[in-house]
Amino acid sequence: VLATDADNDKGGGGAMIKGTKNVWFINTTFINNTANFGGGLTVWKLNANSVYLINSTFDGNKATGGKLGSNSGGSIYGASSFNIENVTISNSFAAEKGGGIYFTNVDVNYKNLTFINNTAEQGGGLYWLRATEIEGMKFINNTATQQGGAMYLPVAQTIINNEFIGNKANEGGAIYVYATGSTIQYNNFTNNSANMGGAIYAPKL
C-alpha cells in the first residue's frame, strides 16, 4: 500500500482510523502527506485491540496545524494502542510536538523503530505521554527547535539500550525529560548537541 501527496486540514493526511477493531498496515509507505495533526497516519481510540504497523516506512509527512490547532505528530498521531515492527520514520515535521510520532497515554509494543531527520518544536523524533520503558530505538539526526532533539518525555520513563546519534535541540540534544524518577542507562550518545544538555536535559532531576 502506498499513500502519497495527500492533504487533510484535519487529521491523518494519509489515513485516519477510528471506531473500529484491529487494523493492519503491512508493507505500507506514507510519503509527503500533510494534515493538521498526524501527517501520515492518525489513530483515535479503537473499540478494541490495536493497530498493527509492520515493515512500513513514513517519509516527508507534515503536521502543520490548522483549524483544530493540534500541530503534532508529523508522521503518526497515536491515541490508541499500537504494535510496531520494522518501521522507519524519516524527514517528517510537526509544527509543535513529535516530529516523527506523537503518542498520547497509550500502550505501544515495538521492535526495530527508527527515527531519522525529523523536526519539531518539542521532541524532534518522538513525544510520548505515557510512563513506560523505551528500549532499542534508534534516533539519528533529529532536531527540536526547543526541547528534545530525539525525544521529549513529559512523564517519568525508563530509557535503556537506545542509540542517539547526531540529534540537536536548544535544550536536551537527544533527550528532554520533564519529570522526576526517570532511569536512563546503557544508551549510546554520539555527536548530539544543544545549548543546554548536549545529550540529556532533565530540569526536574
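# Guided tour of an all-strand chain

Thr42 is buried, with a relative accessible area of 0%. Please select this residue first; the model in the viewer is a predicted one. Thr42 sits in strand E7, which covers residues 41–43. Display its surroundings next: apart from neighbours within four places in sequence, Thr42 is in contact with Gly11, Gly12, Ala15, Met16, Ile17, Phe37 and Tyr77. For a distance within this part of the chain, pick the C-alpha atoms of Thr42 and Phe30: 12 Å separates them, and the two residues are 12 positions apart along the chain.

**The whole chain**

Now zoom out to the full protein chain. Its secondary structure amounts to 28 strands and 0 helices. Along the principal axes, the C-alpha trace extends over about 40 × 30 × 25 Å. The radius of gyration is 15 Å, which agrees with the value near 17 Å that a compact globule of 205 residues would have. Of the 205 residues, 51% count as buried. Among contacts with a separation of 6 or more, 77% link residues 24 or more positions apart. Switch on the surface: the chain exposes about 8400 Å², of which 44% is supplied by carbon and sulfur atoms.

**Strands E11, E14 and E18**

Select residues 82–90, strand E11, together with residues 108–116, strand E14; the two pair in the parallel sense over 8 bridges. Within this pairing, Ile89 has Phe115 of E14 as its bridge partner. Keep E14 selected and add residues 138–140, strand E18: E14 and E18 are also parallel, and 3 bridges connect them. Which residue of E18 is the bridge partner of Phe115? That partner is Phe139. Phe115 can therefore be followed in both directions, as the bridge partner of Ile89 and of Phe139.

**Strands E15, E19 and E23**

Move to strand E15, residues 119–122, and strand E19, residues 143–147, which run parallel and are joined by 3 bridges. Here Gln122 is matched with Gln147 in E19. Extend the selection from E19 to strand E23, residues 168–171; this pair, too, is parallel and joined by 3 bridges. Label Thr143, and look for Lys168 of E23 standing opposite.

**The open sheet E17-E21-E25**

Next, select the three strands of an open sheet, whose order is E17-E21-E25 and whose pairing is parallel. The edge strands, each pairing on one side only, are E17 (133–135) and E25 (183–185). From one strand to the next, the twist averages 10 degrees. Strand E21, residues 158–160, is linked to E25 by 3 bridges in the parallel sense. One position to label is Ile160, whose bridge partner in E25 is Gln185.

**Asn162**

Continue from Ile160 to Asn162, found in the loop between E21 and strand E22 (163–165). Is Asn162 buried or exposed? Its relative accessibility is 1%, so Asn162 counts as buried, the limit being under 20%. Show the polar contact made by its side chain, which reaches the backbone oxygen of Ile160 at 3.1 Å. Finally, display the residues that Asn162 touches, not counting those up to four places away in sequence: Ile134, Glu135, Gly136, Met137, Tyr186, Asn187 and Asn188. Of these, Ile134 and Glu135 fall within the residue range of edge strand E17.

Terms used: Residues are numbered from 1 along each chain as its sequence is written. This is a predicted model: local features need pLDDT of at least 70, side-chain atom pairs count only at pLDDT 80 or more; totals for chains, interfaces and linings use all residues. Side-chain values use heavy atoms; hydrogens and water are left out. Two strands pair if DSSP finds at least two bridges between them. Helices (H or I, at least four residues) and strands (E, at least two) are DSSP runs, numbered from the N terminus. Axes are lines fitted to C-alpha atoms, for helices over the stretch in contact, and angles run from 0 to 180 degrees between N-to-C directions. The radius of gyration is taken over C-alpha atoms; the globule rule is 2.2 Å times the number of residues to the power 0.38. Buried means under 20% relative accessible area, exposed over 50%, partly exposed in between (1.4 Å probe, protein chains only). Contact means heavy atoms within 4.5 Å. Accessible areas come from the Shrake-Rupley method with a 1.4 Å probe; for residues, only the protein chains shown count as cover. A polar contact is a pair of N or O atoms within 3.5 Å; within protein, one must be able to donate a hydrogen and the other to accept it, and residues adjacent in sequence count only if both atoms are side-chain atoms.
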